[in-house]
Amino acid sequence: MKRTLYIIIAAMLLCLPVMAQDARNRATETIVQDVLALVPIQNQADFNNEMQPLVSAAPKSITMLAAMLKPAAQRVNAKVEYAIHGAVAFAGTNETWAANVREGLKQAIAAQSDKDAKQFLENELRLLSKTEDVTYVAHPASTPYAQAYDKLVSLGSNAGPEIVKAMKNKDHALRMQALKFATAKGLATDELAASVAKKYKSLSEEAKCDVLYWLGDNKIASQKPLLATVVAKGGKPAKAAIEALGKIGGDDAQKTLIDQLGGENNAEAFRALCSFPGKLNLLEPLKAAEGDKKLSLLKLASARRYTDAADDILKLTKEDTYSEAALAALPGVVTPEQTNAIIGALTVLDKNPKHVPAWQKACAAALQTLSADEQYKKISFFTNQPMMPKRALLYPLLAATGTDASVADLEKIGDEAAIEALGKSTNYKAAKPLLAAAKAGNEQALMSYVNLVNSKEGNLDSRSAKLSEAFELAKSVADKKNILSKLAGAPTRNAFLLAGKQLDDKELGYTAATAQGYRRCRRRLCCGCTPPKALRDDSC
Amino acid sequence: MNRRSFITKGAASAALFSILPREVLGKMGTKNDIIAPSDQLTRGLIGVGGIGRSGSHFISDQNCRLVALCDVDQKHLDSALSAAKQKWGEDLKSYHDFRDLINDPNVDIVHIATPPHWHGLMSVIAANAGKDIFCEKPMTRTIGEGKRVEEAVKRNGRVFRLNTWFRFKDTFYGLGTEVKPLKKLVDSGLLGWPLKVRISGATGFAWKFFWVGKENLEVQQVPKELDYDLWLGPAPYKPYNIHRTHQTFRGYFDYDGGGLADMGQHYIDPVQYILGKDDEFPIKVEIDAPQQHPDAVGIWRNITYTYADGCQIILEGEGFESKGKVPYIEGPKGKVYKGFECTIPNVQQIINELPDPEERNTDFLECVRTRRQFALNESNGHHSATIVNIGVCALRLNRTLNFDPKTQTFINDDEANRLVNQPMRGEWAKLI
């Protein structure tokens, strides 16, 4: 009995280490299997929760995973790759984990015979490697540019004289390299600029331009006198100096630039003044100027929204020499204060019908800062006057207010001009009178209706129904094609059936077919799948 | 013989130019200026399978003639050569290895239209070879490559242009406005400071989540016409699958970074400009995303960049946009929405009264001639590419990262710094 008992106890003791070993293996195996079941993990919190035990069980967890890698042709490695990469990414935040995962990868690489799997593991190991694998080769200076650059770098903050010297170089690229170096390294100071300016007279024309552009790019205000002198002399350097002054700014620079308008350097000066820093003073120059200079100043006033000049420019619309230019400039300068004067000119004073669009544009610009209701109030004051001459010219402006009242007014007027104006309204209430006009045979009103419905009707079924109705009203092939294309954006059964009926039509068939093709494509992404799933899964 | 064939006849034409008056050749170039062949710039195009064949790039005119093409896919190359013959009646030089194109003495400008894993390397090699560079976005795939490009361009006195342009022209995607009025508004201070900019479907920007990679790719035979080894170049070797190449390369971290890297510079560079941060980097990037596969790019929900002064750029993934009316720019004193709708009264009038933003050099050919820096160059381009790239690093590691703008490395994160400079395969590492 005693002997049997001893044998049993001895057997149990012998089994203990094995049982203990089994417990450890199962634990790691369980961890690995759990991760494999979950990857790819969808959020960071879960990712961290799952990766921590995995990396804590490294290196064994890693070698276990790596052993599951198969040759690429078997196409089964994705989950293992997710798991290993996840462990590597997570382990990077902790030295101990990183060391253990690294060890696991090294063991796995040693044991791996498949070359693609081996490379994958090596790529992962690299992310946790302790020494930098990649060294960048420093090339010896082999070209004149590289040699010059290396010299500048070696001189560092003392590179000033070398930069000045470079301005004498015949090679444009070498000069620019030196100047760009000065800018990049913060050496573009008044001091360096003064040294360069001393040599200016002796430089080639091309080198002069390089220097002048550089002065502007670095806004070296101390050299404005030089720049002004260069502008006065004219030629290619003057254009560079103008650009520079435009960047540096200041009243003196502004005067120099304004003086250049209307002349040989008009384009450069205009550009510089458009971006000139600070407020421009254009009133006096505009009054005093004549000819091309005045024309440029008008354009500039408009570009810079120089509202101070609005009244003066309005007066100029009456002078034959400048009327066109002044009209073109008006939208840029007018405010609500000029509204009445503009309407007066549009409807009474200016007899030239070619000027109508320009006056309408100016009126719209004058009103643009007001609310829609305020705009409507101003315009309707005139359009509601029965004796108002040429009030039809104001209808587009009324419609542009987009108010319900403007739609109601134009619907009430109901003539051709009013319907045409309604066609430009962005208020969906305009759809009703437009449809009525379309049913009475007005094709233009029909297409305005179509555009309005297409942009404003949010309900797909309703949009589809309305466009289908419009399709039946359309007479021309071009209009029908237009509507068919818009129906593609309203993917309903109704639209599909309508397009289907046109497939055999010689003129409409192709448009109908391509519109439906687009609809199918969109539906592929609208079936509830995300685009990636749709792309990966051909059954979607 | 017509004028065009006159010009393209090589040496015979060159001799004739010396005896025939310019007027005999007729008006050439833009603005009716006559441009002699010696004044013409020339361009070599690397990558003619995708963007390189687009209408805006597959062009040749008297201001800049396309003279050479390069592609590692023979079908693409043959197709492009044939198209060039049809369009311009010219037999362009063709190259298999981009290094030969770069070393062609007849090429002034190297146009890089390859997948992004090549952009940095090719730009450095081109700069070292004394060529000016026109590079498609993203400027580089890694932060380290961006630094190298910046150094090489400056060191060799080259002109570099990054091909995204919304900071100086065109309606800015679904925002419905150009960048200029936004810049003027921000510079005016009316919105206050710091500012938050939200780049999201809600504000008019699509992050193109269709550029995702596929897992468990089938191993396929490399097509005869493709030099896969050279296509990969510096990227790690992985078995061929068509989805890794030609357009869909965008879905793999080895070559690009999904929609984030593909569209990031288009969307983020103008924001960097608007905020006046061409010389700054964010100091933190936070990420909310599902775990990423090590190879195939997946989707993400939110990426937030924070600058030292508190300004933020917030990216919202497709399907994860903020609801309701969402401002594009938000400041303590005002907000701007799509269509330039603004909470500040009379904002349009105020903006109109402000000066235009400072003039910039937006004519690349003019910059090549005058050697001036282009408006979007190796420096500010590297800055906006880095914003994208630190986002990609955070995405790959699935955690918040802190960035040191001075050293352009991550703070206390060796693992993230392994993504700043990534190894290049074989001999390529020696070239950058």
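Here is a short chat about a predicted model and some of its strands, helices and cores.

Biologist: Before we start, what are the ground rules on numbering and confidence?
Modeller: Residues are numbered from 1 along each chain as its sequence is written, and chains are lettered from A and ligands numbered from 1 in the order in which they are written. The model is predicted, so local features need pLDDT of at least 70 and side-chain atom pairs count only at pLDDT 80 or more, while totals for chains, interfaces and linings use all residues.

Biologist: OK, strand E13 of chain B. Which side chains are buried there?
Modeller: Leu401(B) and Phe403(B), which share one face; Asn402(B) and Asp404(B) point to the other and are not buried. Buried takes 20 or more other C-beta atoms within 10 Å of a residue's own, with C-beta atoms placed from the backbone. Strands are DSSP runs of at least two residues (E), helices of at least four (H or I), numbered from the N terminus.

Biologist: And which residue stands opposite Phe403(B) in E14(B)?
Modeller: Phe410(B). E13(B) and E14(B) run antiparallel, joined by two bridges, and two is the least DSSP must find for strands to count as paired. On E8(B), Lys284(B) has Asn402(B) as its bridge partner.

Biologist: Anything odd in the hairpin of E13(B) and E14(B)?
Modeller: Gln408(B) takes a positive phi near 55°, and four residues lie between the strands.

Biologist: Switching topic: how do H20 and H21 of chain A cross?
Modeller: Their axes come within 9 Å and cross at roughly 165°. Axes are lines fitted to C-alpha atoms, for helices over the stretch in contact, with angles from 0 to 180 degrees between N-to-C directions. That makes H20(A) roughly antiparallel to H21(A), a label for angles over 145 degrees.

Biologist: Who makes the contact?
Modeller: Among them are Ile342(A) and Leu346(A) of H20(A), plus Trp359(A) and Cys363(A) of H21(A). Contact needs C-beta atoms, placed from the backbone, within 7 Å.

Biologist: Back to chain B. What's the strand order in the six-stranded open sheet?
Modeller: E3-E2-E1-E4-E5-E6, with parallel pairing. E3 and E6 are at the edges with a single partner strand each, so one side of each has no neighbour in the sheet. Neighbouring strands are turned by 25° against each other on average, direction ignored.

Biologist: How do E5 and E6 pair?
Modeller: In the parallel sense, over four bridges, with Ile133(B) opposite Phe160(B).

Biologist: Which helix lies across E2 and E3 of chain B?
Modeller: H3(B), residues 74-88, running at about 155° to E2(B).

Technical notes
A residue is buried if 20 or more other C-beta atoms lie within 10 Å of its own, exposed if 12 or fewer, and partly exposed in between; C-beta atoms are placed from the backbone. Angles under 35 degrees count as roughly parallel, over 145 as roughly antiparallel, 65 to 115 as roughly perpendicular and the rest as oblique. Two residues are in contact if their C-beta atoms, placed from the backbone, lie within 7 Å.
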